[in-house]
Amino acid sequence: MTLPFFVSAPGKVIIFGEHSAVYSKPAIAAALSLRAYLLVTPSKDPKKITLNFPDVELSHSWNKEDIPWDEIQAHVQFKDGRPLATEELVPEITNELSGVLSDLESSLHYVASHCFLYMYTHLCSKEIPGMTFSIRSTLPIGAGLGSSASVSVCLASALAVLGGHVQHATLHQNDKVTKNHNPEADFIDSWSLIGEKCYHGNPSGIDNAVATYGGAVMYQRMKNPSQPSVRTNMRNLPPLKLLLTNTKIPRSTAYLVGQVGKINEKYPKTSASILEAMEHLANDAYQIMTRPFFGKEEKEKMRELVNINHGLLVALGVSHPSLENIKIISEVNKIGATKLTGAGGGGCAITLVNDDVAEETIQRTIDEFKTHGYETYETTLGGKGVASLQFDLVKEDLRDKVFSDEAFASYKDRFEIDGVLSVDNLEGWRFW
Ligand SMILES: Nc1ncnc2c1ncn2[C@@H]1O[C@H](COP(=O)(O)OP(=O)(O)O)[C@@H](O)[C@H]1O
Ligand SMILES: C[C@@](O)(CCOP(=O)(O)O)CC(=O)O
Ligand SMILES: [Mg+2]
């Protein structure tokens, strides 16, 4: 195995169907140009595994020998010689890992480390020398844009490569269009869902699917968890002008998904009707978005559906005053239709901007958002999926800088990270 190397995966925006996706209803989402990057370098001490996750202020090392490899691997299931991503996390493994995790005090650090070790102990083995795993992301964290899934996909792909289950990515972006059957990406997707299970408990799988394959999809989890989810690529995403605005109100997806679960238990019939409405809405949106002609009438319907979807999410109790404020401001300025995106409770909102709005009005609205402390992102939809960057594929004069742990840790913001590493600009990135 040649070290160092990078992997990278995008965040996502759910256009229709968050939360209902967990209940096996269809949802539509697209990958973003904002991404997570994971750098894997050899550890100075080959017995040590180190995590450097500065975005969440986590820096932690383990001695590889302290991991109960034999006890854990006794529970690992295999299929075709590769570790199998199970339907549920195996409680015995989580229990074995708790001993190695006992010195992590914050629950955020515990969850992130558990996620790493759970995948590491399945996909790698004690024979593989120690390494340092450093993650930086251009995505806001805990804001509804799938930062957890992009990290899960990065970890799944890097660990699958290290364990020898998957080869490094080889495709140039344009080759991808012709590739319909992709077992390596499927393996990464299945393991990143395990990562999402470590973060959320009950993920639908839409976030990690989008982070793995990129582009835009209509996604539906099956009611029977042993059946594979249905993923329909939406190759020709209509030209949607979207504003993505972050309230910066922190929230946890696991908590919000749990709250919707409680409403579902308390008022099963009422909640079933809301979820069914979301199902019809996502199907209607899919029909409209895939029409050969996407004109004024289609755009108007999309805006109506955005408003209805937001209303249904409010009914499930996952909005927040700041999200309502973004909705009010965009309506007062008549720039378009707004809904929350992702788990809600804070985090981000999307605004589907009307065609005829003057650029000046959009800018004025963004400035008004700013006065409330909100941040609006310029990003494109339909971003590229999971990718790897091998040392040898980068131009010789750039290698030392690109693959330096110190340089990677020193980038001040997302612009500096993308300035060096962007999958669109740096030569050498390959896609699975
Ligand atoms: N850059 C990062 N470095 C390390 N961990 C991260 C990073 N980005 C996300 N995570 C993990 O994902 C969690 C946030 O996931 P979640 O609550 O699902 O929000 P979202 O996926 O909407 O951003 C964080 O608490 C952290 O454990
Ligand atoms: C609420 C949900 O539909 C999306 C969660 O997205 P995020 O973690 O808030 O980015 C949950 C899921 O689909 O797993
Ligand atoms: Mg998440």
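Helices (H or I, at least four residues) and strands (E, at least two) are, throughout this tour, DSSP runs numbered from the N terminus. The structure is a predicted model, in which local features need pLDDT of at least 70, side-chain atom pairs count only at pLDDT 80 or more, and totals for chains, interfaces and linings use all residues. Residues are numbered from 1 along each chain as its sequence is written, while chains are lettered from A and ligands numbered from 1 in the order in which they are written.

**The whole protein**

Begin with the complete chain in cartoon view, where there are 15 helices and 15 strands. The radius of gyration, taken over C-alpha atoms, is 21 Å, close to the 22 Å that the globule rule gives for 432 residues, so the protein is as compact as a globular protein of that length. That rule is 2.2 Å times the number of residues to the power 0.38. Along the principal axes, the C-alpha atoms fill a box of roughly 60 × 55 × 45 Å.

Colouring by burial shows that 46% of the 432 residues count as buried. A residue is buried if 20 or more other C-beta atoms lie within 10 Å of its own, exposed if 12 or fewer, and partly exposed in between, with C-beta atoms placed from the backbone. Two residues are in contact if their C-beta atoms, likewise placed from the backbone, lie within 7 Å. Among contacts between residues at least 6 apart in sequence, 75% join residues at least 24 apart.

**The two domains**

Next, select 5-234 + 381-431 as domain 1 and 242-377 as domain 2; these bounds come from an automatic or database domain assignment. Their C-alpha centres lie 27 Å apart. At the boundary, 26 residues of domain 1 are in contact with 32 residues of domain 2. On the domain 1 side, the elements giving two or more residues are S1, strand S2 (27-42) and H6, and S1 has the largest share, with three residues. By class, this side has 15 nonpolar, nine polar and two charged residues. Ala, Val, Leu, Ile, Met, Phe, Trp, Tyr, Cys and Pro count as nonpolar, Asp, Glu, Lys and Arg as charged, and the others, Gly among them, as polar.

**Ligand 1**

Now centre the view on ligand 1. Both domain 1 and domain 2 give residues to the shell around ligand 1, so this ligand lies between them. A residue belongs near a molecule if its C-beta atom, placed from the backbone, lies within 6 Å of it. Of the 23 residues around ligand 1, Asp55, Ser137, Ser147, Ser148 and Thr253 come nearest. Helix H3 (107-123), strand S7 (131-137), helix H4 (147-162) and helix H6 (183-200) each supply at least two residues of this shell. Its classes are 12 nonpolar, 10 polar and one charged.

**Ligand 2**

Move to ligand 2, which also lies between the domains, because domain 1 and domain 2 both give residues to the shell around it. Of its 18 surrounding residues, Pro203, Ser204, Thr253, Gly342 and Ala343 come nearest. Helix H7 (206-213) and helix H8 (253-266) each supply at least two residues of the shell around ligand 2. This shell divides into eight nonpolar, eight polar and two charged residues.

**Strands S1, S14 and S15**

Select residues 5-16 and 387-390 to display strand S1 and strand S14, which pair in the antiparallel sense over four bridges. Two strands pair if DSSP finds at least two bridges between them. In this pairing, valine 7 stands opposite serine 388. Adding residues 429-431 brings in strand S15, antiparallel to S14 over three bridges; here phenylalanine 431 is the bridge partner of alanine 387.

**Individual residues**

Just before S1, in the segment that holds proline 4, a cis peptide bond joins leucine 3 and proline 4, with omega about -5 degrees.

Select aspartate 80 next, in the loop between strand S5 (78-79) and strand S6 (82-83). Aspartate 80 has a positive phi of about 50 degrees although it is not a glycine, and it is exposed, with 7 other C-beta atoms within 10 Å. Lysine 334, in the loop between helix H11 (321-332) and strand S11 (336-340), has a positive phi near 55 degrees. Lysine 334 is exposed, with 11 other C-beta atoms within 10 Å.

Finish at asparagine 233 in strand S9 (residues 230-233). Asparagine 233 is partly exposed, with 14 other C-beta atoms within 10 Å, and touches Gly215 and Val217, not counting residues up to four places away in sequence.
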